[in-house]
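Welcome to this guided tour! Open your viewer, get ready to select things as you read, and take each stop in turn.

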Amino acid sequence: MPRHAVERLGTVTHLSILDETGAVDKALEPDIPETDLLEMHRAMLYGRCFDERMLKLQRQGRIGTFAPIKGQEAAQIGAAAHLRPSDWLVPSFREIAAQIWRGAKPRDIWLFAAGYNEGVAIPEDARDLPLCVPVATQLLHAAGVAYATKYRGEDDIVMTFHGDGATSEGDFHEALNFSGVLDLPVVFVCQNNQWAISLPLAKQTRSKTIAQKAVAYGIPGLRVDGNDILAVWVAAKEAVDRARNEQIPTLLECVTYRMEVHTTADDPTRYRTEDDVAPWRKRDPISRFETYLKAKGLIDDKTLKGMRETFRDALKHDWQETQERIEELDAGDPMGIFDALYAQDYPHITEQKAYFRERLKRERAHG
Amino acid sequence: MTIEITMPALSPTMESGTLSKWLKSEGDSVAAGDIIAEIETDKATMEVEAVDEGTIGKLLVAEGTEDVPVGDVIALLLEDGEDKAALDGAGTQAAEKASAAKADDSASDDNDEPAERPTRPAEPMIADEEEIPAGTEMVKQTVREALRDAMAEEMRRDDMVFVMGEEVAEYQGAYKVTQGLLEEFGDKRVIDTPITEYGFAGLGTGAALGGLKPVIEFMTFNFAMQAIDHIINSAAKQRYMAGGKVDVPVVFRGPNGAAARVAAQHSQNFASWYASVPGLKVVAPYSAADAKGLLKAAIRDPNPVVFLENEIIYGQSFDVPKLDDFVLPIGKAKVVRQGSDVTIVAYSIAVREALAAAETLAEEGIEAEVVDLRSLRPLDLPTVVQSVRKTNRCVVAEEGWPVCSIASEISARLMEDAFDYLDAPVLRVSDEDTPTPYAANLEKLWLLSPDRIVKAVKKVCYRD
């Protein structure tokens, strides 16, 4: 018997609607209401301003390590735009724009980044999980949450984010396999930003695309220009609708670029050059979208300038409020170390607390 | 010469089984490899193959006979050319031998069963009056059945409880702990998973974050090594790192510790690993009643609970209170035998060994008090200290490695909290500090045994 193809195993398509100059492919242009377009633009621009502000705060030692989002705003907003409040967002650690879209408050994000668990405030009405620093573990949590929504007979879906590096972890395999086997309503959004700290995509995988990995799990894989908000929006809509209506999971690869450091503890000049980054500056998701919106007559330079000023003032105010809260917390009761470990107190914890209180008293007494 | 066909052991832990069907009749000839009978154990139905060739001379055990002990002669095979007359003597001898073996069973230490554990104490469990109301009817139940009932009761009580793991549904559990659950609750609540411990531990944690109450079965905790990142980094941390804003009501359960003859990678006690992790609760019961009451508590607990069972005691029967809703508190030890001369602290299967040791010691005039920890985190140290204040001596028995063990923890804590009450150093008795040997004779020497507990007790009593 000669070898023969088992079956046509599926193709991976790449979708792009707005080109690098911001020119739209009229045939593919989605029909998005103007107010929604403006809302998405606002979220992307705010996300950028927030990120820039946060980087400054970190450089001044006001907050701890975090992962900047610069350049990835379209991938996050274009996807999260399809979530209803009762849907779930299961983030990794580089989705600040998506978290804010879902209702996270700047004060809480900063408090968390400064080390205060109080900042893990899940927005009212939203059903998001806290951000997840261990790489890829959130993918299985997302599958589990999706199992829970399906189990209860709800039509809520789960959207989870991960990077290209996460696709090498076992969690990625196990989560996609499980979601396929159990028909789970989950959308895996891969922000393929080309870098896992210093490791380039070519050393992460021999696969030409991330999206093609879906084929092996028997689920759809889509690939889009992740710096093109219209393409992300269209592909994410398809994936979200499929999850909600048919309980079929999708792997959505958004091809983008990490314009900034991996985290604030990283120095990319050690492993990539300006020549690597330069082509991606031209593909900036925000300026590209703004060109489109200007062409439609929805914004102009004056509006943009006004928006930036408003954001700047608001962020200044938000940081002041955050700083006051940090001072309050620092002056507060350190017994919080023991809070929230278990749902109930038990004798061992009570004993530890008593011991710790004594220790503090002794240390304070002896200066 | 006639060949005796005996009741085979289909697994190292099998003690008896049902001879459900003969596939050969008297007078049939058989070749080596022919299937001659079907045998049913609490785990599985298996076929019995002939090892030798010949003619079936006599079937000694009728189809449908239950509880046929492993090693009993079930049929006689005539070798080629052998006359049926040869059966006359042989049959009788074999039958006599079988019944003699049965009569001896409880008294002798059977050397043919190398991995078998020492004799069980006659009355293994003493009901705690505080936990079980006076006059409660008790029923005999195996640990396996008690665990199943605990899950079934909680699933009836709360729609959000579901069971997930390898072989838990169609196969009724690799050790038959989930027997009947699929039939009663359907495949949405009793889920066979792909072979992915890491996957279903992570998915279970996610389902708990999403509002369900998953019971995740590991076929054994040896396989949970694949999943430990989700148990420790996801489940145990999430509440703390979210400032208490999320619950993670997940139970990770399955057999832990050495089984019998399954070698180093399948015979390990991980109790102290999990018990060292803040954010987890860890339970390791011995009796069926405790297994039931504590598993029900674990399922209701809003924190992640690691529930460590033991394969060897799955089939052991205990008195279980016949109550509609028997729930025990996590974090409470139990004095299972009163004594005044020495305290033996143990958990899981080591309680059995400790009770057996206590019987031997009693014959020599040493009254041992046996404390079953039951929960390892939180650890009920006050109950241990209270006992030691009375006996002034302590031995910790653990079926597990000695280094950085639960026994080490108990020893250290007694130094801190009961030093002035100790008349002798606390001793630890455990398995040897090596991987589990596979050879039957070595495994037996390696394992914790009542004999070694007895020796340690004599030492702390200065009676050796």
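A salt bridge, in this tour, is a side-chain nitrogen of Lys or Arg within 4 Å of a carboxyl oxygen of Asp or Glu. Before you click, note that this is a predicted model, in which local features need pLDDT of at least 70 and side-chain atom pairs count only at pLDDT 80 or more, while totals for chains, interfaces and linings use all residues. Residues are numbered from 1 along each chain as its sequence is written, chains are lettered from A and ligands numbered from 1 in the order in which they are written, and side-chain values use heavy atoms, with hydrogens and water left out.

**Stop 1: where the chains meet**

Select chain A and chain B together. How many salt bridges does the rule find across their interface? It finds 1. To see a salt bridge between the chains, pick B:Arg413 and A:Glu351, whose closest N and O atoms are 3.9 Å apart.

Now colour the residues in contact (heavy atoms within 4.5 Å). Chain A brings 35 residues to this contact and chain B brings 46. Buried area is the accessible area (1.4 Å probe) that two parts lose on being put together, summed over both. For these two chains it is about 3300 Å², with 64% on carbon and sulfur atoms. On the chain A side, select A:Tyr151, A:Phe178 and A:Tyr342: these lose the most area to chain B, together 21% of what that side buries.

Next, show polar contacts: pairs of N or O atoms within 3.5 Å, where within protein one must be able to donate a hydrogen and the other to accept it, and residues adjacent in sequence count only if both atoms are side-chain atoms. Between the two chains, 21 residue pairs are in polar contact, both residues being at pLDDT 80 or more.

Switch to the cartoon view. Helices (H or I, at least four residues) and strands (E, at least two) are DSSP runs, numbered from the N terminus. In chain A, α5 (137-151), α6 (170-181) and α13 (347-365) each supply at least two residues of the side that touches chain B. Which helix gives the most? That is α5(A), with 9 residues.

**Stop 2: chain B by itself**

Hide chain A and look at the 12 helices and 22 strands of chain B. Buried means under 20% relative accessible area, exposed over 50%, and partly exposed in between (1.4 Å probe, protein chains only). Of the 464 residues in chain B, 58% count as buried.

Select B:Asp420, in the loop between α10 (406-418) and β22 (427-429) of chain B. Is B:Asp420 buried or exposed? It counts as exposed because its relative accessibility is 72%. Then add B:Asn392, which is 28 residues from B:Asp420 in sequence but 9.0 Å away in space, C-alpha to C-alpha.

**Stop 3: salt bridges within a chain**

Pick B:Lys334 and B:Glu131, a salt bridge with its closest N and O atoms 4.0 Å apart. The two are 203 residues apart: B:Lys334 is in strand β17 (residues 334-337), and B:Glu131 is in the loop between α1 (86-104) and β9 (138-142) of chain B. Both B:Lys334 and B:Glu131 are buried.

Keep B:Lys334 selected and add B:Asp290, since their side chains also meet in a salt bridge (3.8 Å, N to O). B:Asp290 sits in helix α7 (residues 288-300) of chain B, 44 residues from B:Lys334.

Finish in chain A with A:Glu154 and A:Arg152, a salt bridge at 2.9 Å, N to O. A:Glu154 is partly exposed, with a relative accessible area of 25%, and A:Arg152 is partly exposed at 26%.
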